[in-house]
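Trainee: I'm new to this one and keep stumbling over the labels. Could we go through them and check what earns each name?

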Amino acid sequence: MIEAIRNRRSIRKYKDKAVDKEQITQILQAGTLAPSSKNRQPWKFVVATGEAKNEACHAMEEGIRREKEVPFIPDSSPYINGAGHTLRIMQQAPVLIFIVNTLAAPFNKELSMDERVSEICNAQSIGAAIENMTLEATAQGLGSLWICDSFFAQEELSDWVGGELYAILAVGYADEAPAARPRKKAEDIIEWRE
């Protein structure tokens with residue numbers, strides 16, 4: 001497993017080559033095996049290929065267009081061009097896995113302390129599921145990209161998947177081999193207490 005962790009990269013260029021359904025099934029199984037807070041398993045995975053993927057990309061495009069006029073998160077507007085780049089990656093990747101939080105509170109709901117804690121726990125659980133999927137993709141010789149800036153089209157993509165979208169995972173055969181990105185030094189981020 002440590003080898004998959006070392007070799008995993010965020011892939012932004014994909015070959016025009018289909019991914020076998022059995023491979024995607026194994027990636028999804030890795031996601032479902034992730035630990036989750038109170039075993040709530042707050043995830044649902046929507047796999048899009050072919051025409052369904054085109055529909056999802058169209059929803060992302062509509063969201064970016066709307067975001068330029070009526071921002072969902074106004075302070076994020078300087079990053080809208082990055083969302084356009086993400087859309088091009090989504091269009092190129094042969095498989096998109098949409099990760100929905102089935103227990104999510106609506107974004108515009110004011111949360112009680114208990115609800116806020118539940119949201120944090122569910123987000124951590126979903127993060128574990130996505131990490132498992134990226135590692136399984138790597139172990140299978142596939143590339144993946146954990147997409148978080150889907151919030152530029154949060155309403156449009158959530159409507160498309162039928163739930164509160166938390167992230168997207170692009171999967172396919174890598175058409176690039178990026179080097180490992182620098183990591184912080186252990187002494188700067190690890191504190192031992194005895």
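Trainee: What makes the pair Arg66 and Glu156 a salt bridge?

Mentor: A salt bridge is a side-chain nitrogen of Lys or Arg within 4 Å of a carboxyl oxygen of Asp or Glu. For Arg66 and Glu156, the closest N and O atoms are 2.8 Å apart, so the pair meets the cut-off of within 4 Å. Keep in mind that this is a predicted model, where local features need pLDDT of at least 70 and side-chain atom pairs count only at pLDDT 80 or more, while totals for chains, interfaces and linings use all residues. Residues are numbered from 1 along each chain as its sequence is written, and side-chain values use heavy atoms, with hydrogens and water left out.

Trainee: How do you know that Arg66 and Glu156 tie together separate parts?

Mentor: Arg66 sits in helix α3 and Glu156 in helix α6, so their pairing links parts that are 90 residues apart in sequence. Both residues are also buried. Helices here are DSSP runs of H or I with at least four residues, strands are runs of E with at least two, and both are numbered from the N terminus.

Trainee: What about Arg65, which salt bridge does it form?

Mentor: Arg65 pairs with Glu62, with the closest N and O atoms 2.6 Å apart. Both lie in helix α3 (residues 50-69), 3 residues apart, about one turn of the helix. The structure holds 6 salt bridges.

Trainee: Why are Arg65 and Glu62 called partly exposed?

Mentor: Buried means under 20% relative accessible area, exposed means over 50%, and partly exposed is in between (1.4 Å probe, protein chains only). Arg65 has 42%, so it is partly exposed. Glu62 comes out at 29%, so it gets that label too.

Trainee: Which side chain meets Lys109 in a salt bridge?

Mentor: That's Glu115, at 2.6 Å from N to O. Lys109, at 38% relative accessibility, counts as partly exposed, and so does Glu115 at 28%. Salt bridges that share partners also join Glu61, Glu62 and Arg65 into one network.

Trainee: Why is Ser37 called buried?

Mentor: Its relative accessible area is 19%, so Ser37 falls on the buried side. Ser37 lies in the loop between α2 (21-32) and β1. Leaving aside neighbours within four places in sequence, Ser37 is in contact (heavy atoms within 4.5 Å) with Cys121 and Ser125.

Trainee: And Glu194, buried or exposed?

Mentor: Exposed: Glu194 has 97% relative accessibility, so the label fits. You'll find Glu194 in the segment after α7 (186-189). Glu194 and Pro42 are 152 residues apart in sequence and 36 Å apart in space, C-alpha to C-alpha.

Trainee: Now the sheet. In what order do the strands come?

Mentor: The 4 strands form an open sheet ordered β1-β2-β4-β3, with antiparallel pairing. The edge strands are β1 (43-48) and β3, since each pairs on one side only. From one strand to the next, the twist averages 20°.

Trainee: How do you know that β2 and β4 pair?

Mentor: Two strands pair if DSSP finds at least two bridges between them. β2 (residues 95-101) is joined to β4 by 7 bridges, so the pair meets the condition of at least two. One of the bridge partners is Ala167 in β4, matched to Ile99.

Trainee: How many bridges join β3 to β4?

Mentor: There are 5, and β3 (residues 143-147) runs antiparallel to β4. In β4, Leu169 is the bridge partner of Trp146, and Val171 is that of Ser144.

Trainee: What makes β4 largely enclosed?

Mentor: In β4 (residues 164-172), 8 of the 9 residues are buried, so the rest of the structure largely encloses this strand.

Trainee: Which helix packs on the sheet?

Mentor: Helix α6 (residues 154-161) does, touching β1, β2 and β4. The direction of α6 makes about 80° with that of β4; axes are lines fitted to C-alpha atoms, for helices over the stretch in contact, and angles run from 0 to 180 degrees between N-to-C directions.

Trainee: Last one: why is Met1 called exposed?

Mentor: Its relative accessible area is 69%, so Met1 counts as exposed. Met1 is found in the segment before α1 (2-7).
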